[in-house]
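Reader: I am new to this structure. Please take one part and walk me through it closely, with just enough of the rest to place it.

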Amino acid sequence: MRNAALVLGIIGGLIATVIGFFGYGYTEIVRANAEVGDVFGTFDNESLVRAASFLAPLLAIAGGAMARIRALWGGGLLVISAALMYFAFGFSVFTMFPIGFCLLGGLLALAAGKPDEPKAHF
């Protein structure tokens, strides 16, 4: 399950990176040209979209990379990444796969049967 969480997290993070580029870029275009926002619409919370465009792919890739050694932390990061993408971009045809990959990877990492190494976290 940890290997599946690793793969799903990294693939979800890479797809989320593409969505993040477009989300952040669109907010920049609307900021520079208000006419584009009038024609195609704007985001309700521009700062959330900008933050999620950067943080969601970062958390997904880091969570996927951590899933083999620290399943609890990696799974938590993957679930947070999926939630951040959902609240910033919504659930659509473009976001369903990264949200699904990150959420499933996070749940698999959290449900991994073998406990982490019995040493202190800090």
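Author: What follows is a close look at helix α1 and the parts it meets. The model is a predicted one.

Start with the setting. The chain has five helices and zero strands. Along the sequence, the pattern reads α-α-α-α-α. The C-alpha trace spans about 55 × 30 × 20 Å along its principal axes.

Now to α1 itself. This helix covers residues 2-32. Which helix does α1 pack with, and at what angle? Its partner is helix α3, residues 46-66, and the angle is about 165°. The two axes lie 7 Å apart. Angles over 145 degrees count as roughly antiparallel. That makes α1 roughly antiparallel to α3. The crossing of α1 past α3 is left-handed.

What classes of residue form this contact? Between α1 and α3 there are 11 nonpolar residues, eight polar ones and four charged ones.

Charge also appears in a specific pair. Side chains of opposite charge can pair when their charged atoms come close. Here, Arg50 and Glu28 form a salt bridge through their side chains, at 2.7 Å from N to O. Arg50 sits in helix α3 and Glu28 in helix α1, so the bridge ties together parts that are 22 residues apart in sequence. In total, the structure holds three salt bridges.

Next, the largest pocket. Rolling a probe the size of a water molecule over the atoms shows where empty space is left. The largest pocket holds about 240 Å³ of space. Where does the largest share of its lining come from? That share comes from α1, with five residues. The full lining is Val18, Ile19, Phe22, Gly23, Tyr26, Phe43, Phe89, Ser92, Phe94 and Thr95. By class, seven of the lining residues are nonpolar and three are polar. None is charged.

One more helix pair helps to place the rest. Helix α4 spans residues 71-89, and helix α5 spans residues 96-110. They pack at an angle of about 155°, and their axes are 7 Å apart. These two helices are therefore roughly antiparallel to each other. Their crossing is left-handed.

Back to α1, to draw the picture together. Helix α1 packs with α3. A salt bridge joins Glu28 to Arg50. And α1 gives the largest pocket five of its lining residues.

Terms used:
Residues are numbered from 1 along each chain as its sequence is written. This is a predicted model: local features need pLDDT of at least 70, side-chain atom pairs count only at pLDDT 80 or more; totals for chains, interfaces and linings use all residues. Side-chain values use heavy atoms; hydrogens and water are left out. Axes are lines fitted to C-alpha atoms, for helices over the stretch in contact, and angles run from 0 to 180 degrees between N-to-C directions. Helices (H or I, at least four residues) and strands (E, at least two) are DSSP runs, numbered from the N terminus. Angles under 35 degrees count as roughly parallel, over 145 as roughly antiparallel, 65 to 115 as roughly perpendicular and the rest as oblique. A crossing is left-handed if the near helix is turned anticlockwise from the far one by less than a right angle, and right-handed if clockwise. Ala, Val, Leu, Ile, Met, Phe, Trp, Tyr, Cys and Pro count as nonpolar, Asp, Glu, Lys and Arg as charged, and the others, Gly among them, as polar. On a 1 Å grid over the protein atoms alone, a cavity is a set of points where a 1.4 Å probe fits but cannot get out, and a pocket is an open set with protein on both sides within 12 Å along at least five of seven lines; lining residues have an atom within 4 Å of a point. Grid points are joined across faces, edges and corners, and a volume is the space filled by probe spheres set on the points. A salt bridge is a side-chain nitrogen of Lys or Arg within 4 Å of a carboxyl oxygen of Asp or Glu.
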